[in-house]
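Notebook open, cysteines on the list for today. I want to know which of them pair up and which stay single.

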Amino acid sequence: YCLPLLFFVSGAASACSWKQSPGGLVKILLYTLFGVALNSVLWGLGPQNPNCDPGTGYGRAECKGLLFDFTICPDSGRIFPLVFQMWYTAMLMALMLLNWPLFAFLRNGTCHFAILGLQVIASVGLESAFVVLAGSEVPNPALIIGLMVACEVVFLGLAVLTMPQYRPSRIPLRFIHYCLGAVATVQFGCVPYAPVIEHISGAFVVFILTGFNKSFQLGFILTVARLPNQEEALPIVSIYWPMMVILRTLTAPSSNWYAAGNLTYPYYPRLLDRADYVAGAVIFMFVVDRVGRAIECHALPSWLANGALLLYLIHPWLMALLILAVRGSMLEDTGSVWSLCLVASALLGYLTTRPWKSWRCCRFQASKATFESTSSCDSDGSSQEESHESA
């Protein structure tokens with residue numbers, strides 16, 4: 001559920017920051033370029049050999065690098081280690097641009113219906129391009145493209161109905177939200193993109209692009225109903241909460257380990273397993289949305305926000321340095337390195353936040369002291385002049 005929920009939250013953030021266009025695109029682009037640059041330097045300081053992992057690279061001649069004898073992202077070729085975690089921000093920017101027509105229609109309220117046709121063309125066109133690139137991996141491309149077109153049209157039609165001026169008053173807004181979740185589940189979990197997906201390929205890109213895009217769109221649409229001057233989404237299933245317990249139980253993932261082809265996101269060969277897994281993720285999005293409406297939210301502390309950003313940007317460097325530092329010690333295991341990464345990022349977040357606040361506070365106090373001193377001198381000077389004149 002992690003990645004769909006991550007794009008769901010990103011869609012929610014996009015709804016909150018939307019003005020007349022997507023907010024934060026330039027900032028995300030700069031973060032992406034900076035992260036790729038850091039990863040490139042890290043790759044250059046290592047052996048530049050995809051077969052050198054932290055567990056077996058030590059002591060091997062072919063794994064000798066300028067500083068490291070391993071790559072932090074082994075067995076993934078020579079390009080992906082440069083991108084690594086920044087694939088998320090790259091896809092996020094693509095989804096922000098891809099959904100610009102739909103989001104403009106829903107938020108600006110002045111766009112013509114024709115803009116939704118542009119949304120269908122852009123979404124289906126991009127997905128179809130990857131279907132074609134997948135080649136023989138997708139056995140029936142015409143069927144896949146046809147199903148995607150149908151799902152996109154139904155989803156966009158339901159998205160229009162979230163606007164009160166286009167929806168009959170007897171149909172609750174939350175019911176439309178549930179229908180959107182159902183269509184997203186079908187498009188993400190039921191369309192037979194390929195019999196089996198065992199590695200990153202064209203079919204896998206179509207699969208995650210479709211699913212993460214639907215998660216992003218759901219996050220935006222559900223959050224619009226939480227903004228000021230918007231129609232509130234009154235609860236339906238939440239009123240009869242035992243129904244949610246049953247749904248969460250039926251869609252809970254198996255506790256048995258099964259990679260299902262890819263660690264990034266599983267593609268279960270059986271349709272029922274795939275649909276059940278995706279449905280669980282969609283239901284969890286609705287749970288998060290409803291809880292967020294019922295509980296008062298507060299802003300994340302600055303040091304924690306900075307620490308999380310730094311952890312995302314520099315965690316490959318943190319891991320590489322920590323692997324060298326703890327090599328041969330009792331901390332040489334994945335859990336310890338992961339924990340130390342969290343502690344280091346939290347500390348860096350605190351150090352990058354507090355000095356700025358302290359400097360700003362000291363500057364304010366110094367300015368205040370100077371002002372009071374000047375005021376006091378002016379006052380004393382005026383009093384002396386008055387006394388002299390009286391004498």
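Before counting, the cut-off: I call two cysteine sulfur atoms a disulfide if they lie within 2.5 Å. Worth keeping in mind that this is a predicted model.

Entry one, the count. I went through the cysteines and found one disulfide in the structure. The partners are C52 and C63, and their sulfur atoms sit 2.0 Å apart, so the pair passes the 2.5 Å cut-off. I also looked up the twist: the angle about the S-S bond is -90 degrees, which makes the link of C52 and C63 left-handed.

Entry two, what the link joins. Both C52 and C63 lie in the loop between α2 (25-44) and α3 (80-83), so the disulfide ties together parts that are eleven residues apart in sequence.

Entry three, burial of the pair. Are C52 and C63 buried or exposed? C52 has a relative accessible area of 0%, so I put it down as buried. C63 is buried too, at 0% relative accessibility.

Entry four, C151. Why is there no bond from C151 to C190? C190 holds the cysteine sulfur closest to that of C151, but the distance is 8.6 Å, too far for a bond. I noted C151 as buried, with a relative accessible area of 11%.

Entry five, C179. This cysteine is in no disulfide either; its nearest cysteine sulfur belongs to C151 and is 14 Å away. C179 is partly exposed, with 22% relative accessible area; I had to check the limit, since buried means under 20%.

Notes
Residues are numbered from 1 along each chain as its sequence is written. This is a predicted model: local features need pLDDT of at least 70, side-chain atom pairs count only at pLDDT 80 or more; totals for chains, interfaces and linings use all residues. Side-chain values use heavy atoms; hydrogens and water are left out. Helices (H or I, at least four residues) and strands (E, at least two) are DSSP runs, numbered from the N terminus. Buried means under 20% relative accessible area, exposed over 50%, partly exposed in between (1.4 Å probe, protein chains only).
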